[in-house]
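Colleague: Please take a close look at one part for me, the interface. I'd like it in one go, with the cut-offs spelled out.

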2 protein chains.
Amino acid sequence: MSVLEEVLAANDAYVAHFGAKSELALPPVRGFAILTCMDARLDPAKYAGLSEGDAHVIRNAGGRASDDAIRSLVISYKLLGTREWFVIHHTDCGMEFFTDDVIRGLLANSLETAALGAEGFYDVGEGPGSAEGAYIDWLTISDRAQAVVDDVARIRRHPLVPARIPVHGYVYDVRTGRLVEIPAATEAGRATS
Amino acid sequence: MSVLEEVLAANDAYVAHFGAKSELALPPVRGFAILTCMDARLDPAKYAGLSEGDAHVIRNAGGRASDDAIRSLVISYKLLGTREWFVIHHTDCGMEFFTDDVIRGLLANSLETAALGAEGFYDVGEGPGSAEGAYIDWLTISDRAQAVVDDVARIRRHPLVPARIPVHGYVYDVRTGRLVEIPAATEAGRATS
């Protein structure tokens, strides 16, 4: 089967046992939101114990507090009532393995997928590439714990984020499944009213 | 228990049975990515049949093809090898129930959570508010199917997205769990090389 056929077959099986989930309302039942990485190894519903309807889940490359993540978080509390947020990065994150210069160079060279060697990513495909990558902030990570602190602090100081919302900072360990607290992030994300 | 205690207790249970997931590598095993909404009722791992390690999952308010979603998708194929993407919006999406003017007005009035009545969202909290909302494009949705077409088309024409990557467009029905294809989006997202 193709990927598309596999996805639709899995969906058929899900629909067959959908049950009472059809009655769920729009606002998250448990009133919180998680911002985490798109990484395939992370399943926030499983690692944090979420059932359908419980919590908002926002995901991007790195789990970063991008402008778009903040747009989503503001909608989450202002219109849908979440009262508590988590920023959850993880070990072995791809965002630690390159810099803006690296990905800009790779994209300028070729749009094909690069390979990862001991020296980092390198291109195996042929051009054409694009200079468009130079105009994007890739939000790469050079210090794992500090990136969590920075993202929590950015959310905390955003003028649209109420001081009453606590923002917790964690790193998910992909070798154990464990959520490990980053105390400096928790401190930076403490509610102040 | 507090939300934080509940999340950490659920995580303890997950860790206790983590097993062979500790061996998963960084690139998605099944080579695809899903862009979908943060809505609490959506669990893409369940509705699309994903195990940990299978696929990238990107989520924001609306499942929109924001600049940040495109940043994530480009990293997904260029560095981590995904070859096929899905854009999956859903029925009863909160993004259909307001406009930029509405949320900007609500935020200017108060940072407290608004209520939803028959006439739309209205503020029940007191100020202070913030004018910062006027500087954000909230990416609201006025036509459900067209928004999927627009997002697929935006991804398709982005200069960093190779023509070889098919982009499928679907709407998830929150009453049934069913993924419903948007044919015009599939057409717009067809691979051309």
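Modeller: Let's pin down polar contacts to begin with: a pair of N or O atoms within 3.5 Å, where within protein one atom must be able to donate a hydrogen and the other to accept it, and residues adjacent in sequence count only if both atoms are side-chain atoms. Mind that this is a predicted model, in which local features need pLDDT of at least 70 and side-chain atom pairs count only at pLDDT 80 or more, while totals for chains, interfaces and linings use all residues; side-chain values use heavy atoms, leaving out hydrogens and water. Residues are numbered from 1 along each chain as its sequence is written, with chains lettered from A and ligands numbered from 1 in the order in which they are written.

Now the interface. With contact taken as heavy atoms within 4.5 Å, 92 residues from chain A and 92 residues from chain B take part. Putting the two chains together buries about 7900 Å², 61% of it from carbon and sulfur atoms; that's accessible area (1.4 Å probe) lost by the two parts, summed over both.

What about symmetry? Superposing the copies by least squares on the C-alpha atoms of residues with pLDDT of at least 70 in both, a rotation of 180 degrees with 0.0 Å of shift along its axis puts chain A on chain B (RMSD 0.0 Å). The two copies are thus related as by a two-fold rotation axis. In chain A, the C-alpha nearest that axis belongs to Arg59(A), at 2.3 Å. The copies meet through the same surface, because 100% of the interface residues of chain A are also interface residues in chain B.

On to the polar side. The salt-bridge rule (a side-chain nitrogen of Lys or Arg within 4 Å of a carboxyl oxygen of Asp or Glu) finds 10 of them across the interface. Arg30(B) and Glu6(A) form a salt bridge at 2.9 Å, N to O. Between chain A and chain B, 49 residue pairs are in polar contact (both at pLDDT 80 or more). Elements giving two or more residues to chain A's side include α1 (3-16), β2 (55-60), α3 (67-78) and β6 (167-172). Helices (H or I, at least four residues) and strands (E, at least two) are DSSP runs, numbered from the N terminus. The most comes from α1(A), with 10 residues. By type, chain A's side splits into 47 nonpolar, 20 polar and 25 charged residues, where Ala, Val, Leu, Ile, Met, Phe, Trp, Tyr, Cys and Pro count as nonpolar, Asp, Glu, Lys and Arg as charged, and the others, Gly among them, as polar.
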